[in-house]
Amino acid sequence: MVYGGKPSTGCYLCRKRKIKCDEAHPECRNCIIYGRPCPGYRPDAVFRNETRKVERLVKSNAGVNSHSNSDSQNGSPTADSSMSAVSHRRRANSHAKHHGKATLTLYSPADSSWEQRALCYFFDQYTIKADADDGGHLEYLPPLYARELGRQSSESPSPCLRWAVDATALMTLANAKNAPPLMNKAREGYGRALRGLQEALASPANAVKDETFASVVLLSLYEDISGERNGLLSSHTAGFEFLMKLRGNTLVDHQRGRDMLTFAYAHTYVEILALGDKPRFDIKWDLGMLNTNDPVERLMFTVSKLCQLFLYIRSPPNLPDQAAIESWIRAGLEYDIEISQWTQTLPDRWLPLVVYSAQGELLLTYNRLSNVVIWNYYRAVRVMVQHLLLGLNTTLISIKAANKQFSDSPNSSSGPESEPVLDESALKAVIREMTTDVCRSIPFALADVDSLGRPNKSDSAWKMRAAQGYGLLWPLWYILSSGLPTPAQGEQIRTVLSRVGSTQGIKLALVLAREAERMRGEQEDAQGEILGWDLPRGAYDLDN
């Protein structure tokens, strides 16, 4: 008896298909998706009887040795062709390893197509099952997709969800394996999904279905995985705004709708706050849909109110005077206090843990990888508010100085320069603190260390999935662009963006890394650039 080592512990069907199994009980996720009964798992240790195998090998070697001379003299064409095929495959595999590309044409998967493998890989990387304490990520996609597969074509409201899932899954696997043939198939599926989505939106009955909303989620995710945004702006933000307005409170009647709302909400408000985009619809209506007892939705609630202030400041009805700037500063300070209080109402399982690495470096770890994503969004929003207050304070100083210059008589000596209303050093200290905390969280966010700061082994179950890497992108980009990072911190964040883009195949990360590099040396306009409008460099007459 020979111990064969620890075998693959996946279910029999997943091992037959050569796809990754999550080994869930009583059924694995792949079997549930394909609608087949899970055949179960084999034992952790397997012993094999190798006696007969050894006997056959001995006989085979003896036969080969007895005919070796005659074979070498005859030089059979069949033998030459076989050796040529083997050598060609070895050279092709060596070439693929050298260039880091998947040789899709050299082998065909047994009992499973590349589309099926892509589906399993995508669901494994981007769907996270919720537990009793915290929510998941895109957990609703596998059951919705399975329901679409089970329907007849005449019963399906629209095939756009099935096409969107297939296209996104193919692009995910293509980027992870650097396989151009799969990328071409993914782009074809993306085009079909767009046409199917247009048909669904044209139907009042289909436009309000969860399948349609989930299709927009998938298409926006495809856009980020492929890195094919219009600059940094997404092509699907308007679709999110339209569907959120169309669905209204019916979107939050069930957990699946709340999960889709969370994804669409984060997508939309990143465009407004970080990129300066303007919403197509009134955003005040969504405040009543949020559950302030939930930590994530409570943060979303505060950010919604802050977003309204940003939009009003960027497009004021009249040219702002000193009174308007002072009122905006007061509002910004109130929102900053309200956002900072979010951390004081969190349950203990959400709070970060301060630990030290093996090298003595101070790190922040969390109970779950998903928590660090939410915390980084919180820190990025705090940095946004500090920059807003800095810009308002600079503008107010300029207005006061100009007004004093015009109010003084020509013969009077100029008085002292206007003092800042806010303590700018305190505002910049908050920015540096948030930036430092983000960088201290990076080793845990990448699953390089565990919750105690210990290095993770390569075979550890504690690994970052693409969903968590995707959630890191926008906070890291904003911190890098506007968070006053030190040179070491800036290099650390750029390395993370490049790592997520290359190892996990999320091309948006590479786009953001290049954009942050472009923005790094640019100087902000000292007079109101943070607000989205340019203040004139003349006097302000407060009486008019």
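User: A residue counts as buried when its relative accessible area is under 20%, and as exposed when that area is over 50%. In this predicted model, is Thr302 buried or exposed?

Analyst: Thr302 has its place in helix 14, which covers residues 295–314. Leaving aside neighbours within four places in sequence, this threonine is in contact with Glu338 and Ile339. Its relative accessible area is 6%, and because the limit for that class is under 20%, Thr302 is buried.

User: How does Gln198 fall under these cut-offs, buried or exposed?

Analyst: Gln198 is found in helix 9, made up of residues 180–202. The relative accessible area of Gln198 is 57%, and since the class at the open end of the scale begins over 50%, Gln198 is exposed.

User: What distance separates the C-alpha atoms of Gln198 and Cys160?

Analyst: Along the chain, Gln198 and Cys160 are 38 residues apart. In space, the separation between their C-alpha atoms is 8.8 Å.

User: What span should helix 6 have at 1.5 Å a residue?

Analyst: Helix 6 runs over residues 114–126, which makes 13 residues. The expected span is 1.5 Å times one less than the number of residues. The end C-alpha atoms of helix 6 lie at a distance that agrees with this expectation, which is 18 Å.

User: How many residues of helix 6 are buried?

Analyst: Among the buried residues of helix 6 are Trp114, Leu119, Phe122, Phe123 and Tyr126, and the list also includes Arg117 and Asp124. Helix 6 is therefore largely enclosed by the rest of the structure, the buried share of its 13 residues being ten.

User: Which residues form a nonpolar patch on the surface together with Phe242?

Analyst: Phe242 lies in helix 12, residues 237–247, and counts as partly exposed because its relative accessibility is 35%. The patch has about 290 Å² of accessible area together, and the partners of Phe242 in it are Leu201, Val208 and Leu246.

User: Where does UniProt place the feature "domain: Zn(2)-C6 fungal-type"?

Analyst: The feature comes from an unreviewed UniProt entry. In the model, the span it covers is 41% helix and 0% strand, with end C-alpha atoms 10 Å apart. The record places the feature at residues 10–38.

User: For the chain as a whole, what percentage of the residues count as buried?

Analyst: The chain has 20 helices and four strands, and its accessible surface comes to about 27900 Å², with 52% of it belonging to carbon and sulfur atoms. Of the 544 residues of the chain, the portion that counts as buried is 46%.

How values were computed:
Residues numbered from 1 in each chain as written. Predicted model: local features only at pLDDT ≥ 70, side-chain atom pairs only at ≥ 80, totals over all residues. Heavy atoms only, no water. Helix = DSSP H or I, 4+ residues; strand = E, 2+ residues; numbered from the N terminus. Buried < 20%, exposed > 50% of the residue type's maximum accessible area, 1.4 Å probe, protein only. Areas by Shrake-Rupley, 256 points an atom, 1.4 Å probe, with all protein chains shown as cover. UniProt positions renumbered as here; feature names shortened; annotations may be inferred. Patch = residues over 30% accessible without salt bridge, like charges linked within 9 Å, V, L, I, M, F, W, Y side chains within 5 Å. Salt bridge = Lys/Arg side-chain N within 4 Å of Asp/Glu carboxyl O. Contact = heavy atoms within 4.5 Å.
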